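Colleague: Please take me through one part of this model in detail. I would like to look at how the two chains meet.

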Number of protein chains: 2
Amino acid sequence: DIVAALAPGGRGSLLAGKRVLVDAGPTHEPIDPVRFIGNRSSGRMGFAVAAAAAAQGAEVVLVAGPVALATPAGVRRVDVRSAAEMHTAVLAEAGAADIFIATAAVADYRPETVSPSKLKKTGGAIELKLVQNADILADVAALPGRPFVVGFAAETDNVEGYARGKLERKNLDMIAANRVADNIGFECAENALLLLWDGGREELERADKQVLAARLIERIAERYRPRGG
Amino acid sequence: DIVAALAPGGRGSLLAGKRVLVDAGPTHEPIDPVRFIGNRSSGRMGFAVAAAAAAQGAEVVLVAGPVALATPAGVRRVDVRSAAEMHTAVLAEAGAADIFIATAAVADYRPETVSPSKLKKTGGAIELKLVQNADILADVAALPGRPFVVGFAAETDNVEGYARGKLERKNLDMIAANRVADNIGFECAENALLLLWDGGREELERADKQVLAARLIERIAERYRPRGG
């Protein structure tokens with residue numbers, strides 16, 4: 001039923017029998033037992049995407065960073081904190097997935113050393129040395145029998161140019177880009193998305209994240225082709 | 001009515017006519033528009049303290065860092081994000097306060113520079129230079145006509161020794177110390193507090209944060225003496 005399937009937030013069977021893996025939320029990179037480097041991702045977009053995939057009949061696993069959100073109905077949730085934990089959890093599930101939708105705002109860097117006890121104020125300036133985290137998207141896209149991979153890009157500037165570059169560089173099947181600004185994107189209920197794929201683009205206009213997530217899942221279902229060997 | 005006043009979470013008039021200023025929650029020190037240095041304070045203890053002070057008749061102002069908590073009934077709330085914003089908001093209110101209860105986990109350090117656009121991955125390791133934030137507790141305690149000042153200390157090690165040192169060094173009237181560990185302290189509903197003051201100590205045993213907050217407010221009301229010149 002095409003009409004029902006296209007209704008915003010509606011239920012359908014566009015992804016019946018498909019296994020969908022979603023990562024969502026921020027990661028927290030520990031500095032010591034109480035301090036961390038985080039980011040302003042609320043996880044709302046990813047949780048809405050997981051719910052929309054389940055509503056279209058998919059079997060959904062949601063790997064979630066530290067967020068204050070309820071698990072969507074019918075979704076299996078794996079909670080993680082750091083980028084390293086998210087990498088481990090996603091790679092453990094990716095082999096069995098048909099589609100991987102990477103909405104998480106994974107930290108690119110982590111502190112080189114983690115203090116086992118709370119750091120004391122020492123006076124003056126200090127240097128925090130940061131080292132790169134593993135690239136979850138690139139590692140999933142390099143798997144033999146890889147899933148169909150959809151990335152996200154949250155940018156403050158040159159959104160389309162950067163997102164197109166990431167699509168190609170990381171060998172993604174599709175990327176959903178959004179501009180981070182006041183009252184849109186991170187930490188708020190509304191968003192707008194620009195979808196890009198090899199040779200195509202489509203703008204999904206500003207809407208509630210649940211409506212957008214339902215539209216995104218419809219577009220992914222249309223463009224999905226098995227990639228697995 | 002002593003019995004009603006001492007009932008956990010009960011209402012009373014122990015602080016009737018007093019103006020109580022509470023700071024609560026973490027601070028987020030921006031690195032760029034999406035990344036920040038944060039800490040694992042949930043703000044729950046501070047919000048419970050504000051609610052308990054209001055329940056004892058105080059006029060309460062709550063300066064809150066970024067938390068996902070509802071404002072307690074009868075409390076005036078000022079939202080802030082960074083340590084610098086919290087310093088400004090607290091100092092603006094402290095002159096009029098009879099009692100200042102500093103529960104917030106204020107960042108000691110902030111990135112020296114804040115990037116106006118999202119930082120890109122550059123490869124390899126990077127150094128993040130951090131500089132000290134102003135000390136809110138010390139600055140309030142140094143005010144002419146200062147309020148009665150109650151500090152908090154969340155520690156992983158040597159809790160009493162460090163808290164006693166902070167009480168003296170920052171010239172506080174009382175300090176409430178707690179140990180941060182798994183399932184106690186930050187990001188959880190229960191806590192235990194060790195109260196220290198010049199020449200005295202009292203342990204408040206592990207309990208729900210709302211019960212503990214009510215007991216803490218009773219002890220503050222007992223020990224309160226105007227400090228203002």
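Modeller: Here is the contact between the chains, starting with its symmetry. This is a predicted model, where local features need pLDDT of at least 70, side-chain atom pairs count only at pLDDT 80 or more, and totals for chains, interfaces and linings use all residues. Residues are numbered from 1 along each chain as its sequence is written.

A turn of 180 degrees and a shift of 0.0 Å along the axis lay chain A on chain B with an RMSD of 0.0 Å (least squares on C-alpha atoms of residues with pLDDT of at least 70 in both). That is a two-fold axis.

Contact means heavy atoms within 4.5 Å. Chain A gives 37 residues and chain B gives 37 residues. Of chain A's interface residues, 100% are also interface residues in chain B, so the copies meet through the same surface.

About 3,500 Å² is buried between the chains, 52% of it from carbon and sulfur atoms (accessible area, 1.4 Å probe, lost on being put together, summed over both). V34(A), F36(A) and K121(A) supply 16% of the area chain A buries, more than any other three residues.

K121(A) also forms a salt bridge with D108(B), with the closest N and O atoms 4.0 Å apart (Lys or Arg side-chain nitrogen within 4 Å of an Asp or Glu carboxyl oxygen). The rule finds 10 salt bridges across the interface.

A sheet crosses it too. β3(A) and β3(B), residues 35-39 in chain B, pair antiparallel over 5 bridges (strands are DSSP E runs of at least two residues, numbered from the N terminus; pairing takes at least two bridges). R35(A) has N39(B) as its bridge partner.

Definitions and conventions:
Chains are lettered from A and ligands numbered from 1 in the order in which they are written. Side-chain values use heavy atoms; hydrogens and water are left out. Buried area is the accessible area (1.4 Å probe) that two parts lose on being put together, summed over both. Helices (H or I, at least four residues) and strands (E, at least two) are DSSP runs, numbered from the N terminus.
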